[in-house]
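Trainee: I'd like to learn how to read a structure like this one. Please take me through it feature by feature.

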Amino acid sequence: MENLGLIHELPVELSNQIAAGEVIERPASVVKELVENAIDAKATQVLITVYQSGLRSIEINDNGVGIAPDDVEIAFQPHTTSKISTDHDLFNVKTLGFRGEALASIASVSKLTVVTSTDGKSAVKAEFSGNSLLKKETHARSKGTTITVEDLFFNTPARLKYVKSLHTELNKIVDIVDRLAMGHPEISFRLIHEGKDLVWTSGNDNLQQTIAGIYGRTIASHMYSFENSDADYQIKGFFSKPDTTRSNRSYISLILNGRYIRNYQLANAVIRGYGSKLMIGRFPIAIIDINLDPSLVDINVHPTKQEVRLTNEGHIADLISDGIKQKLSTQNLIPDAVKNLERKTTVDQIERPEQISLDDLSMVEHISEPEPDSKPITTEKSSIEELESHPIFDDPEHLKSWDERLKEETEPTESVSTFPDLHYIGQIHGTYLVAESPEGFYLIDQHAAQERVNYEYYRKQIGEVAADQQRLLVPIVLDYPNSESILIREKKPILESIGLYLDDFGQNSFVVNTHPTWFVAGQEESTIREMIDYVLNDSKISVAAFREKNAIMMSCKRAIKANQHLDDKQAAFLLKNLAKAENPYNCPHGRPVLIEFSNRDLEKMFKRIQDSHDTRESE
Ligand code: ADP
Ligand code: MG
């Protein structure tokens with residue numbers, strides 16, 4: 001074919017900008033790439049200083065191996081990397097980066113300065129603007145690299161348009177740093193935005209302390225830990241108690257071989273582990289650390305390398321949900337009345353760390369080292385005074401209590417049943433039951449308790465395929481519009497999985513002649529209609545989810561409502577059944593069934609003893 005001469009190579013600058021469009025979408029992508037480079041460079045401390053959500057400047061300061069003076073310019077060329085050189089390497093990647101695109105891409109859309117030293121004596125400083133090297137000179141700094149990115153997207157205004165509000169962009173940055181920090185508890189990360197610490201992890205290789213540096217100590221110390229491994233997979237993690245939740249699932253973090261990943265099925269496994277202990281529409285905070293042979297993972301799936309394919313994903317999911325379920329089954333989950341009152345209602349606000357200081361103070365040197373040319377914004381922050389004003393995390397006293405707390409939190413409980421031995425006392429307002437045990441007294445929501453007991457009964461019934469059928473005296477005929485009839489006909493197997501058999505009765509009608517024996521008498525038709533609605537509302541509903549929904553619906557139908565008098569016998573019977581429940585703590589919707597006023601709380605409330613701090617004096 002004749003060459004019309006229209007095809008030509010793109011100017012380097014333009015092709016870099018196009019590449020940048022793929023990798024560098026927003027300020028957070030810059031943070032991600034540069035911090036990953038610092039991690040790959042074996043840094044133990046990474047300081048990220050950001051202004052205006054990264055649009056004004058992003059500075060990443062690390063104490064890694066540095067870039068050799070002669071390599072500085074090369075590193076900023078596209079497809080230059082020190083991390084792989086053969087195709088063999090490509091399949092054995094242990095570093096976070098390997099494509100060699102990031103630096104070139106970032107430099108093509110910003111004003112970038114790099115100061116780097118491999119020996120801590122001599123350093124090189126180079127300035128780029130839109131990919132052209134403006135200046136290269138010798139400099140001084142400790143071993144490591146500082147990269148400053150200013151005026152991001154100054155030459156690609158179209159990209160700026162995609163940048164969302166400053167608030168959203170900052171959230172994305174925090175999110176990235178959180179996740180990288182969780183994947184690397186052995187590295188201390190500190191993120192400062194406009195002079196404010198947002199993340200500060202200890203870097204002492206303790207995942208729970210890392211979580212404290214991200215979500216705050218209160219949350220970290222109230223998490224449960226679990227481990228569940230087999231020959232191929234090692235899984236460990238931390239997860240919040242069912243009453244500490246968030247309104248979306250983004251607080252579930254998955255770390256695979258030290259790399260943060262996204263995987264819907266595995267995140268779902270976490271939620272599944274809680275079963276009905278979570279309130280509907282609420283999600284836990286969890287960090288799940290998965291380790292496996294790298295050959296079982298395909299990391300090279302998505303350009304930003306977060307979607308990961310796994311062989312045997314279902315099995316890993318089961319290890320996660322079983323591990324969480326197992327741990328929760330050994331815990332006393334009765335909410336403490338007093339703590340509940342004290343707790344602030346704004347649980348949804350991210351509790352950013354109570355400042356945690358670093359392992360050693362070498363970071364101070366590192367941070368405050370004067371860099372002759374650096375902008376004032378980078379030198380006035382993070383002074384030694386600021387560091388010293390933080391409670392020192394490694395203060396032995398502090399550490400001791402922390403460790404003790406951890407031990408308490410993570411030690412396996414011996415007896416499996418922690419449910420108190422309840423003795424019924426009376427009913428209040430026709431709604432709550434009062435009971436006592438040797439440990440304290442309890443208020444029980446009678447409706448929630450009944451729902452729980454019923455739910456477990458129905459879940460069992462509904463799960464048994466060979467459910468006994470009862471013949472209806474008068475068959476029930478159901479009419480549905482055409483489109484719905486088609487769907488219902490298609491979904492018959494799901495309905496049959498719980499013992500509901502529909503026979504065709506003309507084009508748009510069905511007839512039901514029998515129903516499972518566990519139906520509530522007099523409510524047959526409404527029950528059947530609700531069951532069909534579940535299928536119509538969610539045509540992809542799984543058998544498991546369908547059974548679950550029905551068990552909840554049935555337990556609600558049958559439960560006693562509030563304002564209903566129970567005689568002593570009925571109430572005692574309910575409590576007895578509750579104690580036998582697999583999860584007596586929450587109703588199927590996740591609301592608490594009972595709250596506890598421990599003897600200790602009562603003594604505190606009546607000032608028979610002082611607050612926990614002074615107990616020794618008063619006892
Ligand atoms: P990649 O990470 O895929 O190799 P990059 O463009 O991100 O590609 O980086 C190019 C090269 O620059 C890296 O391979 C590494 O050798 C060097 N480099 C980048 N950042 C750092 C850093 N913070 N410390 C040491 N070397 C670095
Ligand atoms: Mg990289």
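Mentor: Let's start with a single residue: T146 sits in strand 6 (residues 144-150). Strands (E, at least two residues) and helices (H or I, at least four) are DSSP runs, numbered from the N terminus. Keep in mind that this is a predicted model, where local features need pLDDT of at least 70 and side-chain atom pairs count only at pLDDT 80 or more, while totals for chains, interfaces and linings use all residues. Residues are numbered from 1 along each chain as its sequence is written, chains are lettered from A and ligands numbered from 1 in the order in which they are written, and side-chain values use heavy atoms, with hydrogens and water left out.

Trainee: Is T146 buried or exposed?

Mentor: Go by relative accessible area: under 20% is buried, over 50% is exposed, and in between is partly exposed (1.4 Å probe, protein chains only). T146 comes out at 2%, so it is buried.

Trainee: What does the side chain of T146 make a polar contact with?

Mentor: A polar contact is a pair of N or O atoms within 3.5 Å; within protein, one must be able to donate a hydrogen and the other to accept it, and residues adjacent in sequence count only if both atoms are side-chain atoms. Here the partner is the side chain of R141, at 2.2 Å.

Trainee: Now the whole chain. How many helices and strands are there?

Mentor: The protein chain has 24 of each. Of its 619 residues, 50% count as buried. Contact means heavy atoms within 4.5 Å; among contacts between residues at least 6 apart in sequence, 71% join residues at least 24 apart.

Trainee: How do I read strand pairing?

Mentor: Two strands pair if DSSP finds at least two bridges between them. Take strand 4 (residues 123-129): it pairs antiparallel with strand 3 (residues 111-117) over six bridges, and K111 is matched there with S129. On strand 5 (residues 132-139), strand 4 has an antiparallel partner over seven bridges, with S129 opposite S132.

Trainee: What about the hairpins?

Mentor: Look at the glycines. The hairpin of strands 3 and 4 has five residues between the strands, and G120 has a positive phi near 80°. Between strands 4 and 5 there are two residues, and G130 has a positive phi near 50°. Strand 4 is also mostly covered, with six of its seven residues buried.

Trainee: In what order do the strands of the open sheet of five strands come?

Mentor: The order is 9-10-15-12-13, with mixed pairing. Strand 9 (223-229) and strand 13 (259-261) are at the edges with a single partner strand each, so one side of each has no neighbour in the sheet. For angles, axes are lines fitted to C-alpha atoms, for helices over the stretch in contact, and angles run from 0 to 180 degrees between N-to-C directions. Neighbouring strands here are turned by 20° against each other on average, direction ignored. Helix 7 (residues 166-183) packs on this sheet, touching strands 12, 13 and 15, at about 45° to strand 12. Strand 12 (residues 252-256) and strand 15 (residues 286-292) pair in parallel over five bridges, with I252 matched to A286.

Trainee: And the open sheet of four strands: which are its edge strands?

Mentor: That sheet runs 18-19-20-24, paired antiparallel. Strand 18 (423-428) and strand 24 (594-598) are the edges, each pairing on one side only. The twist averages 25° from one strand to the next. Five bridges join strand 20 (residues 440-445) to strand 24, where L443 has I595 as its bridge partner. Helix 17 (residues 446-463) lies across strand 18, strand 19 (432-437) and strand 20, at about 75° to strand 20.

Trainee: How do I check a helix like that?

Mentor: The expected span is 1.5 Å times one less than the number of residues. Helix 17, with 18 residues, should span 26 Å, and its end C-alpha atoms are 26 Å apart, which agrees. With 14 of the 18 residues buried, it is largely enclosed by the rest of the structure. At its start, a side-chain oxygen of D445 comes within 3.0 Å of the backbone nitrogen of H447.

Trainee: Last one: how many disulfides are there?

Mentor: A disulfide is a pair of cysteine sulfur atoms within 2.5 Å, and the count is zero. For C556, the nearest cysteine sulfur is that of C587, 7.9 Å away, which is too far for a bond. C556 is partly exposed at 24%, whereas C587 is buried at 0%.
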